[in-house]
Amino acid sequence: MTKPSLADACLVSPLTCDGAMGTQLIQRGMDINECGMAWNAARPADIMAVHQAYREAGCQLITTNSFGGTRSMLERHGMATMVAEWNRLAAKIAAEVAGPDGWVLGDVGPFGDFLEPMGDTTVEELEAIFREQIEALVTGGADAILVETMSDPGELCAGVRAATSVTTLPVVATFTYQKSAGEFRTMMGTTVTEAMAAAYGAGASIVGTNCGTDLSLDDYLELGRQMVAAANGRPTILQPNAGAPLLVDGKIHYNATPAEMADLARQLRASGISIVGGCCGTSPVHLAAMAKA
Ligand SMILES: [Zn+2]
């Protein structure tokens with residue numbers, strides 16, 4: 001039996017996405033300056049164990065370890081030739097864990113620079129960068145493409161268009177917002193309504209938020225309400241951090257407890273968010289409490 005499309009399934013029943021990967025790999029010995037993509041080839045058992053922990057916590061959506069998997073990001077580690085192989089492996093590892101009742105989100109993060117005129121990259125060049133990564137994620141077995149942590153709607157829309165140009169799989173797209181003068185805006189100043197309209201307009205099936213700059217749990221709840229209003233019946237996703245980041249002894253900490261995150265998840269669902277997951281500072285313990293809630 002073929003798996004239902006994620007875009008349809010998330011409207012039928014509430015789904016839970018997984019939480020952070022990076023912090024889990026650091027706990028397993030990864031250096032913060034290390035190329036996390038290399039672990040898909042060098043330490044696949046560790047990647048699989050993190051996916052497995054989220055799957056067992058009740059997450060139906062498993063996100064590939066490919067956040068820094070574009071050519072432009074791998075170039076920083078001198079590994080630009082590995083785009084195809086490491087992204088394919090990332091999707092293959094996640095697909096083994098997701099199983100027939102789960103979905104693999106092929107993860108695409110920011111390309112690491114600015115589009116023209118702030119940077120040197122043209123929209124055409126950026127779409128080509130994203131296409132190369134997305135093709136490999138699809139080959140490896142992704143069920144949907146996730147374009148995430150985007151603060152520039154121009155970059156997010158380039159990622160969405162790159163995805164729809166190479167695959168018919170649904171595209172999930174998430175912005176990161178900051179709150180200024182009581183309003184949620186992207187780094188580029190875009191409002192929630194404008195950003196979401198742009199993403200759906202570019203061809204994304206599911207649009208939402210992950211991460212965020214200094215947002216509290218109450219902020220995420222308010223953001224969720226605004227997102228549902230802007231989505232107008234279309235599917236939404238929210239992946240909050242475990243509270244606002246705190247700097248303790250030069251290290252960033254996220255202090256929200258699993259119980260607090262479970263409470264937030266319950267309220268987000270009640271407000272109409274289709275898919276709830278986690279971002280920075282969330283662990284399988286948080287996600288287990290959230291999935292149960
Ligand atoms: Zn985050």
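The expected span of a helix is 1.5 Å times one less than its number of residues. Helix α7 fits that rule nicely in this predicted model: with 18 residues, α7 reaches 26 Å from its first C-alpha to its last, close to the 26 Å expected. Right after the helix comes Gly-141, and its phi is positive, near 115°.

What does α7 sit against? The buried residues of α7 pack against α5 (71-75), α6 (83-98), β3, β4 and α8 (153-166). Among the buried residues of the helix are Leu-126, Ile-129, Phe-130, Gln-133, Ile-134, Leu-137 and Val-138. A general point helps in reading such a list: an α-helix has 3.6 residues a turn, so residues three or four places apart point the same way.

Now to the sheet. Its 8 strands are arranged as β1-β12-β9-β8-β5-β4-β3-β2, the sheet is open, and the pairing is parallel. Each of β1 (15-16) and β2 has a single partner strand and stands at an edge, so one side of each is left without a neighbour in the sheet. Helix α7 packs on this sheet, where it touches β3 and β4, and its direction makes about 160° with that of β3.

Strand β3 (residues 103-108) deserves a closer look. Is this strand mostly covered or mostly open? It is mostly covered, with 6 of its 6 residues buried. In a regular strand the side chains alternate between the two faces of the sheet. Here both faces are covered: Trp-103, Leu-105 and Asp-107 are buried on one side, and Val-104, Gly-106 and Val-108 are buried on the other.

On one flank, β3 runs parallel to β2 (residues 61-63), joined by 3 bridges, and Ile-62 stands opposite Val-104. The strand also runs parallel to β4 (residues 144-150), this time with 4 bridges, and here Val-108 stands opposite Val-147. To get from β3 to β4, the chain passes through α7 (residues 123-140), making a right-handed β-α-β crossover.

Elsewhere in the sheet, β5 (residues 171-175) and β8 (residues 206-210) run parallel and are joined by 4 bridges. Thr-174 stands opposite Gly-208 in β8.

A hairpin rounds off the picture. Strands β10 (residues 245-248) and β11 (residues 251-254) pair in the antiparallel sense over 4 bridges, with Leu-247 partnered by Ile-252 in β11. The hairpin has 2 residues between its strands, and Asp-249 takes a positive phi there, near 50°.

How values were computed
Residues are numbered from 1 along each chain as its sequence is written. This is a predicted model: local features need pLDDT of at least 70, side-chain atom pairs count only at pLDDT 80 or more; totals for chains, interfaces and linings use all residues. A residue is buried if 20 or more other C-beta atoms lie within 10 Å of its own, exposed if 12 or fewer, and partly exposed in between; C-beta atoms are placed from the backbone. Two strands pair if DSSP finds at least two bridges between them. A crossover is right-handed if, with the strands pointing away from the viewer, the path from the first strand over the helix to the second runs clockwise. Two residues are in contact if their C-beta atoms, placed from the backbone, lie within 7 Å. Axes are lines fitted to C-alpha atoms, for helices over the stretch in contact, and angles run from 0 to 180 degrees between N-to-C directions.
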